[in-house]
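These are my notebook entries on one structure, written down in the order in which I looked things up.

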Amino acid sequence: MAGASVNRIVSPGPLHCLKVILEKEGPRSLFRGLGPNLVGVAPSRAIYFAAYSNCKEKLNGVFDPDSTQVHMISAAMADVEAVIFTL
């Protein structure tokens, strides 16, 4: 195999891909599919933040206000509630 050459294909980088997409499909193509994703994610995030806020408010009376324990337990409880409500 001495002297054999290997042709390597260099894939274009992300900026080149972005340029090609913008040239061929236009700027609107970058946002295609965003609507359905937001419709699916927004209610879940709203439930999470409401649950987090409520848990944090209640736990501030039990633990030191705004302590690490308050934030960690509130986050865990909010995650559980968000999962339950989105099932």
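**Entry 1, Cys17.** My opening question was how Cys17 counts by its relative accessibility: buried, partly exposed or exposed? I note first that I am working from a predicted model. Cys17 comes out at 36% relative accessibility, and because the partly exposed class runs between 20% and 50%, Cys17 counts as partly exposed. I placed Cys17 in helix H1. I then took the C-alpha to C-alpha distance from Cys17 to Val41, which is 27 Å in space for a pair that is 24 residues apart in sequence.

**Entry 2, confidence.** Before going further I checked the pLDDT values, since where pLDDT is low the predicted coordinates should not be read in detail. The mean for the protein is 88, and 93% of the residues reach 70 or more. Taking the elements one by one, I found the highest mean pLDDT, 94, in H1 and the lowest, 88, in helix H3, which covers residues 68–85.

**Entry 3, helix H1.** I went back to H1 for its geometry: the helix runs over residues 14–25, which makes 12 residues, and from the first C-alpha to the last it reaches 16 Å, close to the 16 Å expected at 1.5 Å a residue. Just after H1 I came upon Gly26, whose phi is positive, at about 90°.

**Entry 4, the nonpolar patch.** Which residues make the nonpolar surface patch? I listed Leu15, Leu18, Ile21, Leu22, Leu30, Phe31, Leu34 and Leu38, which together make a patch of about 740 Å². H1 and helix H2, residues 34–59, each supply at least two of the patch residues, and H1 gives the most, with 4 residues. I looked at Leu18 separately as one of the patch residues, and its place is in helix H1. The relative accessible area of Leu18 is 34%, so I recorded Leu18 as partly exposed.

**Entry 5, salt bridges.** How many salt bridges does a search of the whole structure find? The search returns 2, and the general background I kept in mind is that side chains of opposite charge can pair when their charged atoms come close.

- In one salt bridge the side chains of Glu25 and Arg32 meet, with 3.5 Å from N to O. Glu25 is partly exposed at 47% relative accessible area, whereas Arg32 counts as exposed at 62% relative accessibility.
- In a further salt bridge Asp66 is paired with Lys56, and their closest N and O atoms are 3.5 Å apart. Asp66 lies in the loop between H2 and H3 and Lys56 in helix H2, so this pair ties together parts that are 10 residues apart in sequence. Asp66 counts as partly exposed at 47% relative accessibility, and Lys56 also counts as partly exposed, at 22%.

I stayed with Asp66 for its backbone, and noted a phi near 55°, which is a positive value in a residue other than glycine.

**Entry 6, Glu81.** My last stop was Glu81, which is found in helix H3. Which residues is Glu81 in contact with, once its neighbours within four places in sequence are left aside? I found contacts with Ile47, Ala51 and Cys55. I also took the C-alpha separation between Glu81 and Tyr48, which is 7.1 Å although the two are 33 residues apart along the chain. With a relative accessible area of 27%, Glu81 is partly exposed.

Terms used. Residues are numbered from 1 along each chain as its sequence is written. This is a predicted model: local features need pLDDT of at least 70, side-chain atom pairs count only at pLDDT 80 or more; totals for chains, interfaces and linings use all residues. Side-chain values use heavy atoms; hydrogens and water are left out. The expected span of a helix is 1.5 Å times one less than its number of residues. pLDDT is the predictor's confidence in each residue, from 0 to 100. Patches are made of residues with over 30% relative accessible area and no salt bridge: like charges are joined within 9 Å, nonpolar side chains (Val, Leu, Ile, Met, Phe, Trp, Tyr) within 5 Å. Accessible areas come from the Shrake-Rupley method with a 1.4 Å probe; for residues, only the protein chains shown count as cover. Buried means under 20% relative accessible area, exposed over 50%, partly exposed in between (1.4 Å probe, protein chains only). Contact means heavy atoms within 4.5 Å.
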